[in-house]
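Subject: Structure for your review

Dear colleague,

Please find below the structure that I am handing over to you. I would ask you to look through it first and then to read the notes that follow.

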Amino acid sequence: MQQSILQKLVPLLSIFILIIVMTVGTAWYQTDFSSMNLMMLSMAFFFLVFGVFKLNNLQGFANAYAMYDVIAMKSRTYALAYPFIEIGLGILYLFSIGGIWRDVVTLIIMSISAYGVWKALQVQDEIHCACLGTVFKVPMTKVTLFENLFMALMALYMVGTYFTMGNMGM
């Protein structure tokens with residue numbers, strides 16, 4: 001029996017719900033529901049959870065990621081390093097380390113990733129999203145594009161706050 005797109009996206013949507021629960025739970029524990037803290041926590045948990053899933057089968061992830069990411073297509077090293085970059089960014093966001101440099105790196109990486117997803121969606125072939133590594137066979141959809149663009153926009157917002165607050169976060 002053929003699964004619907006929604007059924008195929010259940011693992012991804014379940015993980016989004018988990019990240020929301022972890023974000024709200026941590027903010028509640030910290031008694032800090034400021035928009036900046038919620039963004040930092042959601043980005044931390046996003047990068048940590050998604051990065052760990054990719055490590056389950058690093059070679060398989062790198063192969064799948066190289067199908068649509070414009071840097072991973074040209075650099076196997078980048079494809080293999082990407083989960084570690086995500087986990088590193090997750091740790092930086094969780095502990096509020098790195099300031100503007102962390103946010104600029106996130107903006108660049110997520111923008112490039114969004115571009116690769118957008119290009120893949122233009123082809124109209126069913127491509128498996130490598131966002132959860134090879135643990136789940138999640139199709140590449142506009143949800144993947146939205147996820148990348150949303151992360152890039154949050155990073156852009158954070159970069160903008162350094163200029164409006166006069167704090168370069170160094």
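Helices and strands are taken here as DSSP runs, a helix (H or I) having at least four residues and a strand (E) at least two, and they are numbered from the N terminus. By this numbering, Thr31 falls in the loop between α1 (5-30) and α2 (35-55). Please bear in mind throughout that the model is predicted.

Overall architecture

The protein chain contains six helices and two strands. Read from the N terminus, the order of these elements is α-α-α-α-α-β-β-α. The C-alpha trace spans about 50 × 35 × 25 Å along its principal axes. Does the radius of gyration of the protein chain agree with that of a compact globule, or disagree? The radius is 16 Å, and a compact globule of 170 residues would have one near 15 Å, so the two agree.

Of the 170 residues in the protein chain, 45% are buried. Contacts between residues at least 6 apart in sequence were also examined, and 69% of them join residues at least 24 apart. The protein chain exposes about 9100 Å², of which carbon and sulfur atoms supply 71%. As for charge, there are 8 positive and 7 negative side chains, and the centres of the two sets lie 8 Å apart.

Cysteines

How many disulfides are there? The count comes to zero, where a disulfide would be a pair of cysteine sulfur atoms within 2.5 Å. Two cysteines deserve a remark on their surroundings. Cys129 has a relative accessible area of 3%, and Cys131 has 5%. Both count as buried because that term applies to values under 20%.

Two loop residues with positive phi

Most residues other than glycine have a negative phi. Thr31 is not a glycine, yet its phi is positive, at about 50°. Thr31 is also exposed, because its relative accessible area is 69% and the cut-off for exposed is over 50%. Ser96, likewise not a glycine, has a positive phi of about 55°. Ser96 is placed in the loop between α4 (76-94) and α5.

Three further residues

Glu126 lies in the loop that runs between α5 (99-123) and β1 (128-129). Is Glu126 buried or exposed? With a relative accessible area of 53%, Glu126 is exposed. Glu126 is nevertheless in contact with Lys8 and Pro139, when neighbours within four places in sequence are left aside. Its C-alpha atom is separated by 21 Å from that of Met110, and these two residues are 16 apart along the chain.

Phe136 is found in the loop between β1 and β2 (138-139). Its relative accessible area is 32%, so Phe136 is partly exposed. Not counting residues up to four places away in sequence, Phe136 touches Pro11 and Phe53. Phe136 and Leu12 are 124 residues apart along the chain, while their C-alpha atoms are separated by 8.6 Å.

Leu156 belongs to helix α6 (residues 142-165). Leu156 is partly exposed, at 44% relative accessible area. How far apart in space are Leu156 and Ile108, C-alpha to C-alpha? They are 9.4 Å apart, with their positions 48 residues apart in sequence as the separation.

Yours sincerely,
A colleague

Methods
Residues numbered from 1 in each chain as written. Predicted model: local features only at pLDDT ≥ 70, side-chain atom pairs only at ≥ 80, totals over all residues. Heavy atoms only, no water. Rg over C-alpha atoms; globule rule 2.2 N^0.38 Å. Buried < 20%, exposed > 50% of the residue type's maximum accessible area, 1.4 Å probe, protein only. Contact = heavy atoms within 4.5 Å. Areas by Shrake-Rupley, 256 points an atom, 1.4 Å probe, with all protein chains shown as cover. Lys, Arg positive; Asp, Glu negative; His and termini not counted. Charge placed at Lys NZ, Arg CZ, Asp CG, Glu CD.
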